[in-house]
Structure formats: C-alpha cells, structure tokens
Amino acid sequence: MRDPVTSAVTGTNDFVVKFANVNGSGSASANQLFAKAILRMGIPIASRNIFPSNIQGLPTWFEVRVSGEGHLGRRGGVDLMVAMNPQTWERDVAEIDPGGYLFYDSTRPVPRSRFREDIHVIGVPLTEMCNAAFTDARQRQLLKNIMYVGALSALLQIDPAVVETLLSEQYKGKEKLAKPNRDAFQMGRDWALANLACPLGLTLEPADKVGNRIYVDGNSAAGLGAVYGGATVCAWYPITPSTSLAEGFEKYCKKFRTEPDGRKRYAIVQAEDELASIGIVIGAAWNGARAFTATSGPGISLMQEFVGLSYFAEIPSVIFDVQRAGPSTGMPTRTQQSDVLAAAYASHGDTKHIVLFPEDPHECFAFGADAFDIADRLQQPVFVLLDLDIGMNDWLCEPFAWDDARRMDRGKVMTAEELEAGRVFGRYLDADGDGIPYRTYPGTHPSKGAFFTRGTSRDRFAKYTEVGAAYVDNMQRLLQKFETAKGIVPRPVLRQAAEPTRTGVIYYGSSSAAMREALAALEADGIHVDALRIRAFPFHQDVEAFIAAHDQVFVVEQNRDAQLRTLLMNECGIAPQQLIPVLHYDGTPITARFIRAAIGDKVLAQILPFAGAAAE
Amino acid sequence: MSFLPKPKLHHPKLPTNALGYTRRDYEGAISTLCAGCGHDSISAAIIQACFELDIEPHRVAKMSGIGCSSKTPDYFLGASHGFNSVHGRMPSVLTGANLANRELLYLGVSGDGDSASIGFGQFAHSIRRGVNMTYIVENNGVYGLTKGQFSATSDKGSKAKKGTVNTDEAIDLIGIALQLGATYVARSFSGDKDQLVPLIKGAMRHDGPAFIDCISPCVAFNNHEGSTKSYDFVREHNEAMNRLDVITGRAPITADYEPGEVREVEQHDGSILRLRKLHAEYDPTNRVAAMHHLHERKAAGEIVTGLLFIDPEPRDLHANLNTVARPLNRLGDAALVPGAAALEAVNAGLR
C-alpha cells in the first residue's frame, strides 16, 4: 500500500482528464461538450479517443490533455479520472498519478478497499439524481453524462456560459432536446457546488491561446481536401480507421457538389473489397477523372498488384492509408506508422511510390488536395499516410486555407487540338527530359492518340515488346521521373536548435506534436537537437544534407522496425550507425516524455558514460 | 501481342458505313492467338457489329483482364483506347472508367478463368451494380496460356486433353448474370457468327449491364473428344432460343415472318431488337422464366443460346448514383472546387 496522500496534484490549464466509459452509452457527445467548452475558454487541448473494435458494451476512453502551453501530443499519466465504467474500474483507478483525483458515480457504495490511499476521491450520486429527474430509460443514461460535465464544470471552473452557448448551438431549433441537457448540466453543477470543495487543485483559467485555430479530425480534413483537390470518383471498402475519410468526402460533396435538382458532381462506390476499390480508382483515373481510395494496412496489402499496374502503366492514383497497428489484423483500433515500407515499395518488381506524411488535420487537408496535382503531374500512385491518431481524433490545428487563384494541375495531357496539329504522341516517350510522358484521355481524337494500356512491357509508343533494351529504357525513365518527383513533393521542414549542435532528429506524421514538446523539454535540459520533419518520399536533397551535417541523427517513429530509417539508409546511402532509431509502437500515440527520455538518456550517456550506464 | 505491322492498304471499293468508315477501320493488330481459335471469330464479330452500328471507333473503350481472351482487344478497334489490366479485375477498372465518362461505350472482354475464377467476385459485383457495359466472356472452359488446366466453367465430367476428368461443378455465368440483375443476357457460340454479331450489336445498344457468354473452343487444349466445349460438342448440343436482328433505324426490314413468330422489343435508345422465335413459348422479358428455362434445358443436356433475357428499360450505375449528365472527367475547377469563402465557413463551424 502506498503512503496516504499528502499533497494533491495542482495545476492551472495544465493537466490530463480521462473519461472511462462504456461503448455506446452516449458519452461521446458529453465528452465533446467538455472538450469544446475548454477550447472556447481559449485554452488549447489535445483529445484522444481510445476505443475497442466494438459497437456496444466494451470499454472506451476519452482523454483530454489541457495545455495552456499548447502541447498537443499525448502527455501520458492521468490527473483526473472520470470512472464511469465498472468493468475497467481497477485499471482506471490504478492509472491515476499519485495525488490525482478519482471522480465516480457514488449512487452505489464502493468498498473502501477498491480505492487508493494516495488519490483524492470525489463521489457524485449521478444515477440517483438522474433517476429522480428523468423518466425515460435512454434519457437517464445519456443525461448522466451531461450531468458529470456539470459537476466537472464546478470542480474545474469551466465557464457555465460557454457550455450554455455550446448547447444552444448544438440544439438550435430543437428546444425540446436542449432543455433536459441544460437541466442535467445545471443539476450536476449545483450538486457539486453545494456538496464538494470547489474548485479542485486543477483549475481552468480563461486564456487567449487558441486563436483562430480549428478543432477537427484528420479523416474529415483529408476528405475535404479531396473535394478541393477536384476528386470526382471515390471507391472504398469499409475499414477502421479509414472509414470516416470516405464518409467525410461524401459529407462535403453533398454540401458542395449537389446540383439544385439533386444530381451529383461526384461518384462514390462502396466496393466489394479493396481490390475493386483500387481497380475503380485506376479505371477512373485512366479515363481522366481524379479518383482516390481510403483504406488501412490490410487494404494496402490487398492492393499490391494494382499499385504496380498504376506505377508501370503510369496511371495517377491517390491512396489514403490511415495506418493502424499491424501486422495482420493487428490492433485495428490502435495507432502506428507501420505501413511506410509497404507503401513506398508496394507491389512486386522494382517499384517506388510517392508517399506524403501529413502531421495534423491541417496538412491532411492540404496534402489531401495536393496529392491529386502530384499524381496527375507524375502519373503514378500517391500514398497519403495518415494514422489512427491523426485520422480519428479531433486536433487543434491551423485553419484550412485555400487560394482562389489556384487551378487543378492535370499534368501532361495531350489534347485533340495538339494531336490534330501533328504533335508527336508517344505514350511512354520522354519528350521533355524529365521522365514524365504525355497521356491522352480515351475518346480524345477520332484517329490520333489512341494507345493500348497494359501492365506488360512496351516501347515508347506503347507497342508491346519483350526486348530487353526497350524494357530497361522504360525502367530508367521511371527512375528519372522519380528524380523529378523530389522537386514536386512537399519539402522537409527544418527546426534549428537554439545553439549549434551535431545532434539531429528526423521525425514525421503524427509524432510531430510530441516531438515539438520533447524538443522544448530537451532544450530546457540543455540538450540541443536540430530537427527535420520529413513530409514526403522520395526524399528531398535537404534530407541528405541534414544527415551529413550531424554526427548522429535520431529517427523517431511509431513502428517496431524503424521503417523510415530503413528507407533513409536504402535511398540515401546512409550508414546504419549514423541513424539511431527511437521507436514507440505499443499502439498508443507517442509521447513527449518517451522521446525526451530516449534522446536525453542517449545524449547524456555520451557526455557522462557512468550516468548513462546507470540509466540503462 | 502483334510483332508484325499490319498493312494499311485496302481495296478502294470496300463498303463504308454511315460514318464513311470501312470494316478495316474497326480492325486492330494481327492476332497472335492459335490458328482456328474461337476468340478470333469473336474479335471479327465485334468488328462487324461496330461497323454495322456506325460506332465511331474512338468512342469505345475496350477493357480486359489477363489471359488469351484478354489479349484480343489489341486485335480489334485499333483506334480505340484499350486497357489490358490485371487478372480478373477488368470489371472494376471498367466500372471506374465508366464513372469517369458516361458518354463512351464500354466493352469488357474476359475469359472463363478471368471471370469465373480469379475475378468471379468482380464479375458478380459489376453486374449487380448495373454498370452500363457490354461484357463478353470468351468461354473455352480451359486455361490456354498456361496450357490446359480446367477452368471453373468446365462441366463436371468433361475430359481434359490429357485424360483427367473434371470432378468440380461448373459455374454457369449466364445463370449468375441473370440472378444478379444483368438487363441483357445472351449466350452464343464463336462458331455461329450469324447469331453472335446481332447479339453483340444489341448489347452495345443496351443502356445497362449486358452480358454475353460466348462459348469459344480452344483448338489447342479443349477441342477433343470428351470435352463439352469443343466445336463438335457445342454444335451438337446448341439449342438456340431465338434469332436476333438489331434494327437501328436505317437498316431496311427485309425478312418476312409468319405472324406470332416474331417479337419486337424497343430498347431505351430507340433501337429495336427483332427476335425470331425458335421456341414459341420462350419469353425473353421474364427473368424468372429465363432462369427456370436455362436450368431445365441444361438438365436435358442442351446448351441454350440466343437472347435469353432483356429488360428494355434498364437503370444503370449512373442513374443509381444520380450523377450529373456531363461526364465527371470534364468538370473543371468551377464545378468541383468550393473555394476560399466556403472553406472559411467550414473553418468557422470547427471552432
């Protein structure tokens, strides 16, 4: 048994609240209300759903990190646990940091032995109050959630006026629904104010740290990006965690691409499997539409053969891969960055593909749109690698931005007029010396520009051939095209340390937020590290230059096998000892604490060998 | 897969169609299939059908999977874009192409390995989705390119060239197509061009999923005694339900028929399918009856051919999705990109 609690965890605008709920109990909207209320008070938050592969009955958690400093990665640890799920009581109670708080429904007595001595316990008779106030069974269950938000508003000093505004927005025109929600909130709040010592040591203070940022999930953002990117055909097969990406595309298409008579300027097909999904994408793109699919790792595995066709026949295709923990079915509702190699080298034979790594929903939108220009310009598959953490969680990020002067860049497409004027058309002819040939859309011209698309080898004029020299000529041109790609894909982003250093770190995707926080913490410890965020494969020359400019470079990833590091070694000819892997892959999002410890310990061990040995 | 260039010269007095094209304008590269292959007859029938229908060759997109049959799109309609895709996946590629541009004609060519084995799922789903296409399976009951293995349409009891007897039940693609909602269903035989050409014409004028199962003997691996897909066997057991003429407005009506012997069905695009009944009781507009008849005759050992089912008012995938009339691949920025002001409104809703 631990020592009795002597001091309580305290903090203003800097703590972690975790809600333990039962899947399907209606807790999500109450938890969203809690999160949004804090945001509206001008305080940054990072929120994450932790959920099982299940629709109803299994445990689910919602974690809110309040960070006045604006740290958006997962922190680790829990200061206040809202334990609403008896199934997970033991582990939820165990997870609370010493000195932290346990909030629970005290309607039914819980034996003293099931608490901890080193935490503060706050009981509120939620069920009892709900049953007294409401008659409908489903309403009782749903409003219990709103009621705990009410109690928390008193304990943490959430501005009730903000909650009132949010409820009014949510139930605009549905006063019948708004009233019981308002009542439940007030009941919880009043009970807490009357019976508990409010506020707790954890408090919220209005701030001005949110600015014009938006709060959105990466999948919706990528779906919206595809709308702005001009995609008209989406073919997909349901798979967690990517499903909401296709649904996001559909939602925004309905809003923006529906004619007054109801007809649609888009087509969405829920295909029979991932093979058909990518086949439909390739057929549509071959025929001149912008098309994409959204999937996750198992889908990528199934699409391999078609991806090779898209590469070799040079048909633009966009594949959003919302990564989850593999291999096989793995942990379908947990996050990882473990499809990097599967995407970069997808399919049999010699292949290399464009891969984009957005860091947050803002970039999911931007890359979601850019991917279509890149695919059209390079005429090959483009993977956009999200992960469950970015894709399915709401993130605070910069607002989406669009330049109205921008036009779709369809790449090298020869028109009927150009053909008519006698311009030479060779489908696989490198007319401009950049490795990118011209294509024609089917039906362009009655007698010119038709060609036969095939996955077999062919000459520069698309005629079938098995002549070795012609095959090599084509494969070399594809390499040339890949070189051209380096200047087209998003460049890496450098963050220079405050002081000159020979230590660097490379990171990408959803590790970004945790990385930024870790860098700040390391700097505070006197450890200076230059950081390069990779945003695309193939690697820009800046990447090689960065590695060359440092004695050691940490590569931070969320997979077991250091996949990006492998790609760096393989593509840039980097010696393995120069790249030190920092790997987090248990399915939870990477934390600043983890990165800071991994890099800090290693660097300190080099400076102070004995301290390092002790740390290990 | 032609290694030989085909001479462009042709006789100056070759007949032309309404567009001024000769039959030669619908040809492709020289076939590399075996001499006598049924597939070459089907290619010739496709050429004939497109010529007679006055189709502009570049308005056709010809798609295929992998296998002997899937090589054939190179051998017809040389002025059309073609796509020889992935084994068993022609239906999805065709579906995508069709979504991108609803104005072209889509001709999918596949084989029994391509459609009944590796691509059985895609075959089924493209049919049930109602893709507007002409889907021809060149069905020889055998894997030709890999030299003679049974395919999934090989009849139970059929004998392979090396003597093995097939013990697995055959998949009848016609039966599946009928069940899954194809709105034009026919079976024919590559050795009966008179029957096949009008069936292809009718299919190409059909605004929905049109499926033709064309038995096409493999002279190299499946044309022997004991095979149920040989020229001899099919000729002996072929039971034609009807004879079809496709009338598109300019073709004169020539034949005289006895009253009650002929049935005319007008398709949505105005073309008329004139069916000369060979089986008086057969009603090709009754799906359930067609399925019943098919199974009944099969049990009697017959291979039923002809136009087996027609729904003259089909709905296609575009109708189901309610897409705009203008092809999606021709929509520009103004139609597709909502713009900065709309995005700012989205942003405002996310705060």
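This briefing looks at how chains A and B meet and how two domains within chain A touch. Keep in mind that the model is predicted. Between the chains, 56 residues of chain A and 48 residues of chain B make up the contact. Within chain A, domain 2 and domain 3 also share a contact, with 21 residues from domain 2 and 19 residues from domain 3.

**Where chain A meets chain B**
- On the side of chain A that touches chain B, two or more residues come from each of these chain A elements: β9 (214-217), α7 (218-228), β10 (233-236), α9 (274-286), α11 (304-312) and β17 (452-454).
- If you want one place to start looking, try α9(A), which gives the most to this side, with nine residues.
- By class, the side of chain A that touches chain B holds 32 nonpolar, twelve polar and twelve charged residues.

**A strand pairing across the chains**
- β17(A) pairs with strand β2 (residues 81-84) of chain B; the sense is parallel, and there are three bridges.
- Within this pairing, R454(A) has N84(B) of β2(B) as its bridge partner.

**Domains of chain A**
- Chain A is split into domain 1 (11-203), domain 2 (215-397) and domain 3 (493-615).
- A distance of 28 Å separates the C-alpha centres of domain 2 and domain 3 of chain A.
- On the side of domain 2 of chain A that touches domain 3 of chain A, at least two residues each come from α12 (340-344), β14 (354-356), β15 (381-387) and α14 (388-392) of chain A.
- That side of domain 2 of chain A comprises twelve nonpolar, four polar and five charged residues.

Notes
Residues numbered from 1 in each chain as written. Chains lettered and ligands numbered in written order. Predicted model: local features only at pLDDT ≥ 70, side-chain atom pairs only at ≥ 80, totals over all residues. Contact = placed C-beta atoms within 7 Å. Helix = DSSP H or I, 4+ residues; strand = E, 2+ residues; numbered from the N terminus. Nonpolar A, V, L, I, M, F, W, Y, C, P; charged D, E, K, R; others polar. Pairing = 2+ DSSP bridges. Domains from an automatic or database assignment.
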